[in-house]
Amino acid sequence: MATLPLSYPMSGGDGPHSYVRNSSYQKAAIDSVKEKTKEAISKILDFHNQPFKGEVFRVADFGCSFGQNTFDVVGNIIQTVELKHKQEKTEEEKIKNPKKELEFHVFFNDQPNNDFNTLFKTLPLLLSTRRCFAYGVPSSFYGRVLPRNSIHIGHTSYTLHWLSKAPEDVGDRNSPAWNKDSIQCTSLVGEASNAYRVQFKRDMADFIEARAEELVPGGLMIISGQCLPDDVSMVSTWKGVVIDMIGDCLFDMAKSGVTREEMVESFNLPIYFPNTSELEEVIEQNGCFRIEIMEEVKHPMEDETLSNDFIVSKFRAIFHGVIEEHFGGGLIDELFGRFAKKLTSYPVDFKKCRKDMQYFIVLKRYVF
Ligand SMILES: C[S@@+](CC[C@H](N)C(=O)[O-])C[C@H]1O[C@@H](n2cnc3c(N)ncnc32)[C@H](O)[C@@H]1O
C-alpha cells in the first residue's frame, strides 16, 4: 500500500495553542509584503497576452495552513487582480459585456492532515461569494498538486524552510552525517550540514518544477520566507538558539526517563534555512521562470526583543505536529513547560544574535 508523505501540520483548531492564535509573527511577515505584492501584480501580470484568456482567474496558496494569514494573502491577490482587470478592460469589452465580472477559483493547498475543517468553516465573505469558489488541495507541494497550465497566480509564504523530510543520513548512527547531539542546529557542520543542504536543494528544485507545470505561461509565482545571509549560520540566530534549547529540553527529558535517549538522538527537524546564494542557485537552475523580483525585506519584528511567552507559544504551535509524529502524544505539555522554564533561566540575548533574513520573490513563467 502506498504511504502518504511525511507531514507535520501546524497545531489545529482555535484553542490557546493553535496556529490561528499563534501565528502573528508569520502574519507580520505577510503584512510587510502586502504592498509589494500589489505592486508586483499590477506591473508584471499581463492580461492582454498570456496568462489570461477566459473569465475564470485561478489563484493557489501553497502551504496555506488555515486562518487569517492565508485569507489575507488570497484576498489581497484577488482585489488587486480585480482592480487591474477593471482598469484594463478594453473599450470593446466594456461595450460587449458591461456587467461581466471576473470569477475566481481559489485553491488552498496544504498537507492532508492540515486543519482544512477550520479553514473552510472560517472562510471570509470575500472568498465565499458566487464569484469566488474555494477548493481544498490536500497534498504535498513537493510534487504536482494541480492540473497542468491551470494557475494564473501561485503564492507561498513561510513554507519552504519545511523540507519534505529530515535527511535520512542525519538520523543514521552508522553515517558520518549522524547528527547525534542536537535536533538541528548545534551540530550542523560538516556532513550533517551537507546532508541538509542537499535535501533542501532537491526539495526546492521539486517545488519549482511542479509549479512550472501548474502555472500558465506568463503566470506569476510569489514566494516569501526565511533564509540566512551567506555569512550567518543558523546557530547564531535567535531561532537557532531557541531550536537548540528545545533540543536540550528533549535530552533532559531522556535523562529523567520521560523518553529514551535514542529517540532524541534519532530526531532531526525537517527544517532548513538556506543561505541566500543557495536559494538563488536553485531558482536560477530551473529554466522555466524569469526572476522578476528577488529582494530582502525587513521583518517588522526584526528589532524587537520577543517575550518568552510569545516564543514558547509560537514554537509550540509550529513544532507540535513534528514532535508528536516522532515521540508520540503525551510529551508536548511537559516539553514546552520545560522550555518555558529554561527560557526564563537563560533568556535569548537578541542583541548578541545574528539576524536571519526574510525574502520576497516574484517569478514569471516564461511563455516559450
Ligand atoms: C509556518 S506555516 C505557514 C502557513 C501560512 N502560509 C502562513 O504564512 O501563515 C507552514 C505551512 O506549510 C505547510 N507545509 C509544509 N510542508 C508542506 C508540503 N510539503 N506540502 C504542503 N504544505 C506543506 C505546513 O503544513 C504548514 O501549514
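The following legends describe close-up views of a predicted model.

Local features are given where pLDDT is at least 70 and side-chain atom pairs at pLDDT 80 or more, whereas totals for chains, interfaces and linings use all residues. Residues are numbered from 1 along each chain as its sequence is written, and side-chain values use heavy atoms, without hydrogens and water.

**View 1. The largest cavity and its lining.**
A search of the whole structure yields 2 cavities of 30 Å³ or more. A cavity is a set of points, on a 1 Å grid over the protein atoms alone, where a 1.4 Å probe fits but cannot get out; lining residues have an atom within 4 Å of a point. The largest cavity holds about 560 Å³ of space, where a volume is the space filled by probe spheres set on the points, and grid points are joined across faces, edges and corners. It is lined by 39 residues, and M10, Y158, T159, H161 and W162 are the closest to its centre. Helix α10 (308-327) is among the elements that supply at least two residues, and α10 gives the most, with 4 residues. Helices (H or I, at least four residues) and strands (E, at least two) are DSSP runs, numbered from the N terminus. By class, the lining has 19 nonpolar, 16 polar and 4 charged residues. Ala, Val, Leu, Ile, Met, Phe, Trp, Tyr, Cys and Pro count as nonpolar, Asp, Glu, Lys and Arg as charged, and the others, Gly among them, as polar.

**View 2. The second largest cavity.**
This cavity has a volume of about 40 Å³. Its lining includes Y158, H161, I223 and Y359. Strand β5 (residues 215-227) makes the largest share of that lining, with 4 residues. The lining contains 4 nonpolar and 6 polar residues, and no charged ones.

**View 3. Strand β5 and its partners.**
Of the 13 residues of β5, 12 are buried, a term that means under 20% relative accessible area (1.4 Å probe, protein chains only). Strand β4 (residues 151-157) pairs with β5 in the parallel sense over 6 bridges; two strands pair if DSSP finds at least two bridges between them. Within this pairing, L220 of β5 is the bridge partner of I153. Strand β7 (residues 357-365) runs antiparallel to β5, and 8 bridges join them. There, I223 has I361 of β7 as its bridge partner.

**View 4. Surroundings of the ligand.**
The ligand is surrounded by 20 residues, and the closest are Y19, N69, D110, F141 and S157; a residue is near a molecule if one of its heavy atoms lies within 4 Å of it. A polar side-chain atom of Y19 is placed 2.6 Å from an oxygen atom of the ligand. A nitrogen atom of the ligand lies 2.9 Å from a backbone N or O atom of G63. For S140, a polar side-chain atom lies 3.0 Å from a nitrogen atom of the ligand.

**View 5. Two residues with positive phi.**
S65 is not a glycine, yet its phi is positive, about 55°. This residue lies in the loop between β1 (56-62) and α3, and S65 counts as buried because its relative accessibility is 5%. Y158, likewise not a glycine, has a positive phi of about 55°. Y158 lies in the loop between β4 and α6 (190-214) and, at 11% relative accessibility, also counts as buried.

How values were computed
On a 1 Å grid over the protein atoms alone, a cavity is a set of points where a 1.4 Å probe fits but cannot get out, and a pocket is an open set with protein on both sides within 12 Å along at least five of seven lines; lining residues have an atom within 4 Å of a point. Buried means under 20% relative accessible area, exposed over 50%, partly exposed in between (1.4 Å probe, protein chains only). A polar contact is a pair of N or O atoms within 3.5 Å; within protein, one must be able to donate a hydrogen and the other to accept it, and residues adjacent in sequence count only if both atoms are side-chain atoms.
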